[in-house]
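Colleague: I would like to learn how to read a ligand site and a nonpolar core, going from the general idea to the particular case. Could we work through this together?

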Amino acid sequence: MKTLIKGVIFDLDGVITDTAEYHFLAWKQLADEEGLDFTRQDNEALRGVSRRESLARLLKGRPIDEETAQAWMARKNGYYRRFLSRISPADLLPGVSDLLDELQQAGILVAVASASRNAPEVVDRLGIRGRLNALAHGGSVQRQKPAPDLFLYTAEQLGLPPATCLVVEDAAAGIAAAHAAGMPAVGLGPPERVGAAELVLPDLAGCRLASLDSAAAWRVSEPVFEMERQHHRETILTQGNGYLSTRGTFEERLPGDRQSTLVHGIWDDVPIAFTELANAPDWTALAIVANGRRLDMQAPGISRYARWLDLRRGLLQRRMVWEPEPGCSLEIVFERFPSLADEHLLASRLEITCLDGSADITVLAQIDSHVENQGILHWDRVSQRSRADGAQLAVTTRRSRKVLAMSTRVDGEGEGFRPDPYDCPGCPGFRLEGSLPQGSTLRLEKITAVYNSRDADDPLAAACEAAAGAASFATLLKKHENAWAEFWEEAGVIIEGDNEAQLAVRHALYQLRAAAPTRDERVSIGAKTLSGFGYRGHIFWDNEIFVLPFFTFTQPAIARNMLMYRRHALHGARRKASANGFEGAQYPWESAESGDEVTPTWVPHFDNPKKLVRIWTGDIQIHISADIAYAMHQYWQATGEDEFWAGPGCRVLLETAVFWGSRAESEGERFAIRDVIGPDEYHDHVDNNQFTNFMARWHLQTALDSLDWLEENHPERALALVDELDLSPGRLAHWRRVIDGLIVLRDSDSGLIEQFEGFFGLKDVEWERYAGRTRSMQELLGIEGCTEYKVLKQADVIALLCLLGDQFDEKTWRANWDYYVPITDHEYGSSLGPAMHAWAACKLGMPEAAYDHFMRAARADLLDVRGNAGDGIHAASAGGLWEALVFGFAGMRITPQEPVFKPCLPAHWTRLAFKIAQRGARWQIEISSGDKVKKERLQK
Ligand code: BGC
């Protein structure tokens, strides 16, 4: 079994053995002798707490001198040790021995780390010393839990980076220590005590490695800093709140990083690609100088490093120890989040603790407008100001003249440190300066508000007011966590039996939500979400066919915003149709603000940037118009929102149907759609691509049916549309002729569909020659060369089967799967392929084949299997994972009454659970081994 963790660190008392009881008896004896009141309940507060602190709690404020304190602690320890001598291997708690065996067999390193100095003796008496790879106790470190030191020390003893270890604890202080060390935690005991842990269990009885490991399936971490992987890490550690997203770059920056904050709707002109989302000023900027040296991840002296994105809480954390010079050591913790509860607020916190020596510290907390989109500058400065009550900046895009404003408030806590206004051109902010003696901490909170001219008349005033009125970091974090908890409650998916898949799905859904417009219906999700410069923020069919179903079936209000974006973009689609000499509306292949086509016509060649390649997708990849209508229709089917269909839905459907009617070429009785690109972009300028033809036919038929529906249910709207779009009887009759006559390349005996005219006549690839390749077939065969071969970039006929599955019998499914799957570039073609193949394999009852495809999609971003994750999250692959799970593994179909399921789980998945929203109702779906389904309609 592949695990997410490499080491497990167990606390001792109450986890491995119940010495907690002996501690209680020993304290109780002392208390009784001294006439102190001490109950079992008082003892609860002593779990995981040092001896000295325990005594303080026992005394409940009663003063005693140091000498007496020492004597009492020694006495308690004496009693305790007398009890300890009774310990034997029989005192191992239930489940521990089996679990230790399993961990050892799986190659997981095991340690015990306990605050108790008696831990070595206890471990010996329990007879488990030989089964541990490390043992640490209170005497191993100075700072006790909740400080992370004991666990960090233990991880070092194991030779593992902290973020690869998991802690099992029964005390709140221990869980806090694990988290501070960058480790996920399993809490044993009642949720009131250990509820902060990622996984809460009553005890270890019956607990298996897979269950412990699942506690790590909420975080994406960077266990060690690797310069060469930074672009990838920046992408997967991106955070967002539906208004903007910020890549996981470092606060102090790194040479060559791709720092970015992309805000929905902030488009500005660029050469070649027409328009792109302008990289907004950097709200995360924090520079630290200690004893004259600047913190820099590449400098020597950094240890105990961990960085992780906690998906459950939407929080990015980094912790490390930095020695700016010999004899001085600083513990540094960064935390930040863009608030999901209030999309205009961005919060960060920095803590610097001097562990050794002393340090003169300077921190600069700024808003940095010296940002770029990979060499392109977008901003003119409007105003800036740094004053005690806030640092403010307003900038405007150079060509589209959109104003964006930020205001930052900095609160510092630490003796002698005070935030002073500090103004540099383009970087308003604060400076804090002071000296940090050993054992002291500087805490700093930076709260930033952001508005732009799309959402406020006076963005600067709005930002200033919001920053000034914002609550503290801790309060904002609480609200933010609640908002994420609500999201996971509604939209989360649980996979048991496969923690890698579980983590990948959570990450995918986190990233989709991070980019999804909560309130704004004039923006939508680009092919790389808001997480990178790839495709410049442009919106593709990825959105409608791969991303939208997740929202449609879990968060319809968000889905509606994204569909309304297309409604507003109809103007551009009309212009495109008319510029191409067609009627109606033709959506652009790549879309941005206006809905006009923004696909670049020429781009540099992948092998030789001096050579240009003509990109034809913007001219002839026309299936997008049907894809958009399909997504709108699916939304209507799922939500039953007739008002949407009668209004924006039918308008888009019918205007684009008019386009198809004029685009189809009459050839005698038949109709053709020539010179197109289908989903498989390895072949361009093809005729009668079957995905396109079938989708166009579906589109026209749905348009006729919907017009009937509209006439019956909303006659006045139907009349208005018929009039405006000239939906004359003649035009409708023409649509019927196109539906009947559109060329179908399907063999009626075998069911095999020819992807486009002439595909079967292309050359066969000698696949053996390409075994072990690490590049796409297009790179290997050349752009022109590839067009001569039977090789697919991604699902094309298979995609058609997935979307219009009901039209095809099993024979057709099988014949096309057998033909097309072996000739598809699954590894290095499009990232849109794998999830769709997983979905299709499930339809054919092949869960294990489906699983292989599914994991290829699951790893697209987290493992960067294509090497291009640095450009941004693969949105379609992320959405495709949800589709594969729900339409594939769970086999969901919707009927007017309720969703129905035909599951097909891989053998090792023991549970798949999720919720579905349909027609105002919510369903909890539980699928367990043996493909058993439990479906429950939830009360609102
Ligand atoms: C794929 C398209 C996709 C685009 C954006 C291309 O490589 O072939 O299907 O829409 O990327 O993700």
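Modeller: Let us begin with the classes used for a shell of residues: Ala, Val, Leu, Ile, Met, Phe, Trp, Tyr, Cys and Pro count as nonpolar, Asp, Glu, Lys and Arg as charged, and the others, Gly among them, as polar. This is a predicted model, and in it the shell around the ligand divides into six nonpolar, two polar and three charged residues.

Colleague: Which residues surround the ligand?

Modeller: The ligand is surrounded by Ala-527, Tyr-535, Phe-540, Trp-541, Asp-542, Trp-589, Glu-681, Lys-793, Gln-794, Ser-830 and Leu-832.

Colleague: How should I read the polar side of that shell, and which distance separates an oxygen atom of the ligand from an N or O atom in the side chain of Asp-542?

Modeller: A polar contact is a pair of N or O atoms within 3.5 Å. For Asp-542, a side-chain N or O atom is 2.6 Å from an oxygen atom of the ligand, while for Glu-681 a polar side-chain atom lies 2.9 Å from a ligand oxygen, and for Gln-794 the separation between a side-chain N or O atom and an oxygen atom of the ligand is 2.7 Å. Taken alone, the ligand exposes 310 Å², of which the protein buries 90%.

Colleague: Turning to the core, which residues touch the most other members of the largest nonpolar core?

Modeller: That core has 163 residues, and those touching the most other members are Phe-551, Trp-735, Phe-854, Leu-885, Leu-912 and Phe-914. With residues up to four places away in sequence not counted, Phe-914 touches Gly-492, Val-493, Val-886, Ala-890, Phe-901, Trp-923, Gln-924, Ile-925 and Ile-927. Apart from this largest core lies another, of 52 residues, including Val-15, Val-122, Leu-201 and Leu-209.

Colleague: Is Gln-918 buried or exposed?

Modeller: Buried means under 20% relative accessible area, and Gln-918 has 2%, so Gln-918 is buried. Gln-918 is placed in strand E32, which covers residues 911-918, and its side chain reaches the backbone oxygen of Thr-895 at 2.8 Å. Beyond neighbours within four places in sequence, the contacts of Gln-918 include Gln-637, Ala-638, Ile-894 and Trp-923.

Colleague: How does Val-900 count at 25% relative accessibility?

Modeller: Val-900 counts as partly exposed, because its relative accessibility is 25%. Val-900 belongs to strand E31, residues 899-900, and, leaving out residues up to four places away in sequence, touches Gly-891, Met-892, Arg-893, Thr-895 and Lys-935. Val-900 and Ile-925 are 25 residues apart in sequence, and their C-alpha atoms are 10.0 Å apart in space.

Methods: Residues are numbered from 1 along each chain as its sequence is written. This is a predicted model: local features need pLDDT of at least 70, side-chain atom pairs count only at pLDDT 80 or more; totals for chains, interfaces and linings use all residues. Side-chain values use heavy atoms; hydrogens and water are left out. A residue is near a molecule or strand if one of its heavy atoms lies within 4 Å of it. A polar contact is a pair of N or O atoms within 3.5 Å; within protein, one must be able to donate a hydrogen and the other to accept it, and residues adjacent in sequence count only if both atoms are side-chain atoms. Accessible areas come from the Shrake-Rupley method with a 1.4 Å probe; for residues, only the protein chains shown count as cover. A nonpolar core is a set of buried Ala, Val, Leu, Ile, Met, Phe, Trp, Tyr and Cys residues joined through side-chain atoms within 4.5 Å. Buried means under 20% relative accessible area, exposed over 50%, partly exposed in between (1.4 Å probe, protein chains only). Contact means heavy atoms within 4.5 Å. Helices (H or I, at least four residues) and strands (E, at least two) are DSSP runs, numbered from the N terminus.
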